[in-house]
Amino acid sequence: MRTRADLQAHLDRLPLIAILRGIRPDEVVAIGATLVDAGFAIIEVQLNAPDALESIRRLHNAIGVDVLLGAGTVMTASDARDVAANQSGEGEQPLTTHMH
C-alpha cells in the first residue's frame, strides 16, 4: 500500500502529475516513456479513455515500479472495483484511485 510519504517522495522528484486524457493502449507506452524521460514520477490515466485499464497495464509493464500510476475519472463504485481488480500482483506497482 502506498503511503502519504510515498506520494510526497514522488512529488519531490517533480511536483507535477501527468494526466493522460483520451489516450489509447497503442500509444500509451511511447507517451509514458517520454514523460518519464522528462522527469515525471506520477502519471494518471483517465478511465474515460478508450480501454483505459489496458493502457494502465501496458504503462506499468513498460515503465516499471519507479513511477506512481493512477486511474482518474473514477466515477462509480464499479469503476473503483475495476481498477482494484486491475492491480498488479504482490511486490509490483499498485494503482492509485482518485474518486471524483
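This passage describes the salt bridges found in a predicted model.

A search covering the whole structure turned up five salt bridges. Two groups of residues are taken up here, beginning with the one around Arg24.

Arg24, Asp26 and Glu27 are joined in a network of salt bridges. Within this network, the side chain of Arg24 pairs with that of Asp26, at a nitrogen-to-oxygen distance of 3.1 Å. How accessible are these two partners, Arg24 and Asp26? Arg24 has a relative accessible area of 39% and is therefore partly exposed. Asp26 reaches 58% relative accessibility, so this residue counts as exposed, the cut-off for that class being over 50%.

A further group is found in helix H3, which spans residues 52-63. Here Glu54 takes part in a salt bridge with Arg57, in which the closest N and O atoms are 3.2 Å apart. Glu54 also meets the side chain of Arg58 in a salt bridge, with an N to O distance of 2.9 Å. Where do these partners sit along the helix? Glu54 and Arg57 are three residues apart in H3, about one turn of the helix. Arg58 and Glu54, both in H3 as well, are four residues apart, which is again about one turn.

The two arginines of this helical group can also be described by their accessibility. Arg57 has a relative accessibility of 37% and so counts as partly exposed. For Arg58 the value is 34%, and this residue therefore counts as partly exposed too. Glu54, then, forms salt bridges with Arg57 and with Arg58.

Terms used. Residues are numbered from 1 along each chain as its sequence is written. This is a predicted model: local features need pLDDT of at least 70, side-chain atom pairs count only at pLDDT 80 or more; totals for chains, interfaces and linings use all residues. Side-chain values use heavy atoms; hydrogens and water are left out. A salt bridge is a side-chain nitrogen of Lys or Arg within 4 Å of a carboxyl oxygen of Asp or Glu. Buried means under 20% relative accessible area, exposed over 50%, partly exposed in between (1.4 Å probe, protein chains only). Helices (H or I, at least four residues) and strands (E, at least two) are DSSP runs, numbered from the N terminus.
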